[in-house]
Amino acid sequence: GGVYGASGYGRFLGVNTIKEGARRFALGYWKSRGADTASQLMIVLGTSNSRLNNSTDQFAYNHGAAWLQLAKDATVAIQPYASQVSVRAGADFEPSFSYQRRAIYWVEGYRSGFTSPYYWYFFGSADGCPTSGVTSTPATCSNGWTQNDLDYLSTGAYSYGVPQIYSTAGGNAKQWQQIVLYSYLKWNRDTFMLGVLTQQGACIQNQGTLYACTPGTDNTPDQAWNQLWTELNNDSRTAQDLWRSTDIKWR
């Protein structure tokens with residue numbers, strides 16, 4: 001109906017509804033902070049590329065632009081609480097979800113109106129990407145994506161990388177270390193990863209249900225952080241610190 005938004009697990013959420021949700025969340029945080037006037041909350045309004053194959057390149061571009069505007073509008077909406085609350089945009093881009101071209105168009109739409117400080121947060125995956133053997137030629141990942149696509153989306157497009165490090169066996173951490181190393185070899189640049197995303201909370205919630213996690217994908221935040229930190233710092237060309245870890249649950 002001409003309104004941009006996102007799927008809210010069975011119902012459509014327009015940008016104004018999402019903005020109001022951010023305002024109310026900020027209000028709840030503000031009212032419950034008590035004497036704490038120092039701690040900070042960042043609300044990241046996330047979408048994904050899971051339905052972009054059902055659209056067009058132009059729609060993907062327009063949605064990215066609308067998502068940037070949503071972050072800006074939500075920032076205005078939470079102004080009474082801005083000393084301790086901020087709002088940014090984010091996206092869960094995964095190769096298995098859509099053609100890489102649609103994800104790139106979304107990002108280009110977001111970039112079209114970018115102004116500081118509205119960097120967005122990438123919390124996607126590296127499906128099918130290799131865990132070793134990287135060169136300056138981008139290796140192929142799932143669904144026609146490459147390491148170059150994920151390097152661009154996660155850190156090269158006004159974005160901060162907080163990738164999914166779900167695998168308890170360490171495969172996800174190896175994939176992302178290789179993407180960072182590819183960036184170094186190809187572009188001679190140091191690629192900074194902000195942190196890691198895990199789903200332990202969601203796995204615990206969904207035990208024994210249709211949405212139960214695949215076995216071996218329930219890293220704790222500490223495990224994931226240590227895995228990626230270790231992989232990155234085993235090679236001087238990718239060595240860096242990680243600032244954050246974060247875990248997801250279902251509402």
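What follows is a walk through the inside of this predicted model, then its salt bridges and a patch on its surface.

A good place to begin is helix 4, which spans residues 147–155. This helix is mostly covered, with eight of its nine residues buried. The buried ones are Gln147, Asp149, Leu150, Asp151, Tyr152, Leu153, Ser154 and Thr155. As for what does the covering, the list includes helix 3 (100–112) and helix 5 (171–187), along with strand 5 (120–122) and strand 6 (159–161). There is also a polar contact at the start of helix 4, where a side-chain oxygen of Thr146 comes to within 3.2 Å of the backbone nitrogen of Asn148.

Two of the helix 4 residues, Leu150 and Leu153, turn up again in the largest nonpolar core. That core has 51 residues, and Leu150 and Leu153 are listed with Phe93, Trp120 and Trp176 as those with the most contacts inside it. Helix 2 (residues 57–77) gives the most to this core, namely six residues. Another core lies apart from it and has five residues, among them Tyr121, Val162, Leu194 and Leu197.

Phe93 deserves a closer look. Setting aside residues up to four places away in sequence, Phe93 touches Ala103, Trp106, Val107, Trp120, Phe122, Gly124, Ser125, Trp145, Leu153 and Asn49. The last of these, Asn49, sits in the loop between strand 3 (41–48) and helix 2. Asn49 counts as buried because its relative accessibility is 0%, and the cut-off for buried is under 20%. Beyond its neighbours within four places in sequence, Asn49 is in contact with Asp92, Phe93, Glu94, Phe97, Ser98 and Trp145. With Glu94 there is a polar contact too: a polar atom of the Asn49 side chain lies 3.1 Å from the backbone nitrogen of Glu94.

Turning to charged side chains, the model has eight salt bridges. One of them joins Arg23 to Glu20, with the closest N and O atoms 2.8 Å apart. Because these two are three residues apart in helix 1 (residues 15–32), about one helical turn separates them. In general, an α-helix has 3.6 residues a turn, so residues three or four places apart point the same way. Arg23 is partly exposed at a relative accessible area of 26%, and Glu20 is partly exposed at 28%. The pair also belongs to a network of salt bridges that links Glu20, Arg23 and Arg24.

Helix 3 has a salt bridge of its own, between Arg111 and Glu108, at 3.7 Å from N to O. Here again the partners are three residues apart, so about one helical turn lies between them. Arg111 is partly exposed, with a relative accessible area of 29%, and Glu108 is likewise partly exposed at 29%.

The salt bridge between Asp57 and Arg102 has its closest N and O atoms 2.7 Å apart. Asp57 belongs to helix 2 and Arg102 to helix 3, so this bridge ties together parts that are 45 residues apart in sequence. Both Asp57 and Arg102 are buried.

Finally, there is the surface. Tyr9, Leu210, Tyr211 and Trp250 make up a nonpolar patch there, and together they have about 580 Å² of accessible area. Of these, Tyr211 is found in the loop between helix 6 (200–205) and helix 7 (221–233).

Terms used:
Residues are numbered from 1 along each chain as its sequence is written. This is a predicted model: local features need pLDDT of at least 70, side-chain atom pairs count only at pLDDT 80 or more; totals for chains, interfaces and linings use all residues. Side-chain values use heavy atoms; hydrogens and water are left out. Buried means under 20% relative accessible area, exposed over 50%, partly exposed in between (1.4 Å probe, protein chains only). Contact means heavy atoms within 4.5 Å. A polar contact is a pair of N or O atoms within 3.5 Å; within protein, one must be able to donate a hydrogen and the other to accept it, and residues adjacent in sequence count only if both atoms are side-chain atoms. A nonpolar core is a set of buried Ala, Val, Leu, Ile, Met, Phe, Trp, Tyr and Cys residues joined through side-chain atoms within 4.5 Å. Patches are made of residues with over 30% relative accessible area and no salt bridge: like charges are joined within 9 Å, nonpolar side chains (Val, Leu, Ile, Met, Phe, Trp, Tyr) within 5 Å. Accessible areas come from the Shrake-Rupley method with a 1.4 Å probe; for residues, only the protein chains shown count as cover. A salt bridge is a side-chain nitrogen of Lys or Arg within 4 Å of a carboxyl oxygen of Asp or Glu.
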